[in-house]
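Please open your viewer and keep the selection tool at hand. We will go from stop to stop, with something to select at each one.

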Amino acid sequence: MDVGEPASALSRDELAARLLDALADAARLGLVEITEMGMRDWCYLDALTQASQTSTLPARVRIYLASGLAESATITELEARRSDSGPWVKLEGLKFYADGWLGPRTCAMCRDFDDAGQSGLLFTDAPTLARRIEPFIARGWRIATHAIGDLGVHTVLDAYELAWDKDPQAIAAARPRIEHASLLSAQAITRMTELGVWACIQPSFPVTDASQILPALGPDREGDAYPWARLAESGARLLIGTDYPIEVLDPLVGLARLVSGRSRRPGFSTGDTAPERSRLPLDLAIALACDESAGQTVLSADPALASPGELDQIQVISTAPLPF
């Protein structure tokens with residue numbers, strides 16, 4: 001959640017007010033739940049807990065701790081905070097990083113980028129990542145790891161196999177995630193599916209990165225970028241996210257991009273269109289965007305009955321989140 005300035009510069013009351021405003025903005029867009037991926041300071045949790053003790057939050061909040069914050073805390077502190085965050089906030093897991101991003105050519109690739117003469121940056125190796133996550137999976141924390149490049153994805157999958165003793169059933173039961181999983185070979189898709197590793201994909205990435213894909217990967221690897229349709233067809237476990245504030249928060253804009261490859265809403269039409277491989281059927285996209293256990297969003301029209309071009313024209317009437 002973006003509060004506009006460093007949290008350390010605000011009192012707890014001020015930070016709580018900013019966070020409530022941010023959650024209210026999310027609710028106006030139709031969200032009943034958000035997931036904060038990589039909380040870096042306990043002051044955010046303290047402020048949210050304080051706010052939730054006096055009122056219903058506009059949207060409930062799942063939190064993944066930044067790995068550095070979690071690793072600097074004692075097990076006792078982590079367990080205490082996890083058990084005492086209130087009905088509207090849930091500490092769910094930890095987020096690690098395996099590589100960088102496509103735009104600056106820092107995601108880790110098995111082969112050099114076509115236009116950069118290098119293959120990106122791999123931040124860790126599989127044995128090291130496995131050793132870091134093992135103490136947390138033993139206590140039931142869910143693990144998510146940022147990996148965009150194909151080498152980054154394979155490294156994370158190797159680490160997950162090591163951490164769970166190469167037991168696919170144990171991996172699937174623990175539901176570890178890869179955040180983004182943007183550049184995937186056919187082998188990576190097969191491994192993710194067989195291991196039961198979840199992919200959290202971002203519908204806006206294929207649109208905003210459209211001009212980057214061909215120069216970075218060349219024509220022979222272009223098809224490995226954002227292959228959401230092949231992931232879904234393989235039976236891989238999928239989640240969708242926004243990567244806000246890098247990308248747009250509005251779920252209806254994201255839904256339109258996921259289904260039709262573009263958005264027509266003023267201010268969100270980039271001129272670029274996601275390729276067919278990055279689009280999903282409407283029924284699957286809606287299923288990925290919705291969770292009845294999180295609450296209810298009332299819209300001006302049923303997205304399941306709308307044409308792909310009308311999804312981002314639907315208006316939000318109200319939202320009603322449910323406690324965890």
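The tour below visits helix pairs, cysteines and a few backbone spots.

**Before you start**

This is a predicted model, in which local features need pLDDT of at least 70 and side-chain atom pairs count only at pLDDT 80 or more, while totals for chains, interfaces and linings use all residues. Residues are numbered from 1 along each chain as its sequence is written, and side-chain values use heavy atoms, with hydrogens and water left out. Helices (H or I, at least four residues) and strands (E, at least two) are DSSP runs, numbered from the N terminus.

**Stop 1: H1 and H2**

Select residues 12-28 for helix H1 and residues 42-54 for helix H2; their axes come within 9 Å of each other and cross at roughly 75°. Axes here are lines fitted to C-alpha atoms, for helices over the stretch in contact, and angles run from 0 to 180 degrees between N-to-C directions. The crossing makes H1 roughly perpendicular to H2. Angles of 65 to 115 degrees count as roughly perpendicular, under 35 as roughly parallel, over 145 as roughly antiparallel and the rest as oblique.

Now show side chains. On the H1 side, the contact (heavy atoms within 4.5 Å) includes Leu15, Ala16, Leu19, Leu20 and Leu23. On the H2 side, look for Cys43, Tyr44, Ala47, Leu48 and Ala51, among others. By class, this contact has ten nonpolar, one polar and three charged residues. Ala, Val, Leu, Ile, Met, Phe, Trp, Tyr, Cys and Pro count as nonpolar, Asp, Glu, Lys and Arg as charged, and the others, Gly among them, as polar.

**Stop 2: H2 and H4**

Keep H2 and add helix H4, residues 75-83: the two axes come within 12 Å and cross at roughly 30°. That makes H2 roughly parallel to H4. The crossing is left-handed, meaning that the near helix is turned anticlockwise from the far one by less than a right angle (right-handed if clockwise). Here Trp42, Leu45 and Asp46 of H2 meet Glu77, Leu78 and Arg81 of H4. The contact divides into three nonpolar, no polar and three charged residues.

**Stop 3: the cysteines**

How many disulfides does the structure hold? Zero, where a disulfide is a pair of cysteine sulfur atoms within 2.5 Å. Select Cys110 and Cys107: the sulfur of Cys110 is 11 Å from that of Cys107, its closest cysteine sulfur, too far for a bond. Cys110 is exposed at 52% relative accessibility. Back in H2, Cys43 is partly exposed, with a relative accessible area of 21%. Buried means under 20% relative accessible area, exposed over 50%, and partly exposed in between (1.4 Å probe, protein chains only).

**Stop 4: H6 and H8**

Select residues 150-163 (H6) and 186-195 (H8), whose axes come within 10 Å and cross at roughly 25°. H6 is therefore roughly parallel to H8, and the crossing is left-handed. Among the contact residues are Val153 and Leu157 of H6, with Ala188 and Met192 of H8.

**Stop 5: backbone details**

Just along the chain, Asp165 sits in the loop between H6 and helix H7 (168-174). Its phi is positive, about 55°, although Asp165 is not a glycine, and the residue is exposed at 67%. Next, select Arg175, in the loop between H7 and strand S5 (177-180). Arg175 also has a positive phi, near 55°, and is partly exposed at 37%.

Finish at Tyr244 and Pro245, joined by a cis peptide bond with omega of about 10°. Pro245 lies in the loop between strand S7 (237-240) and helix H12 (251-260).
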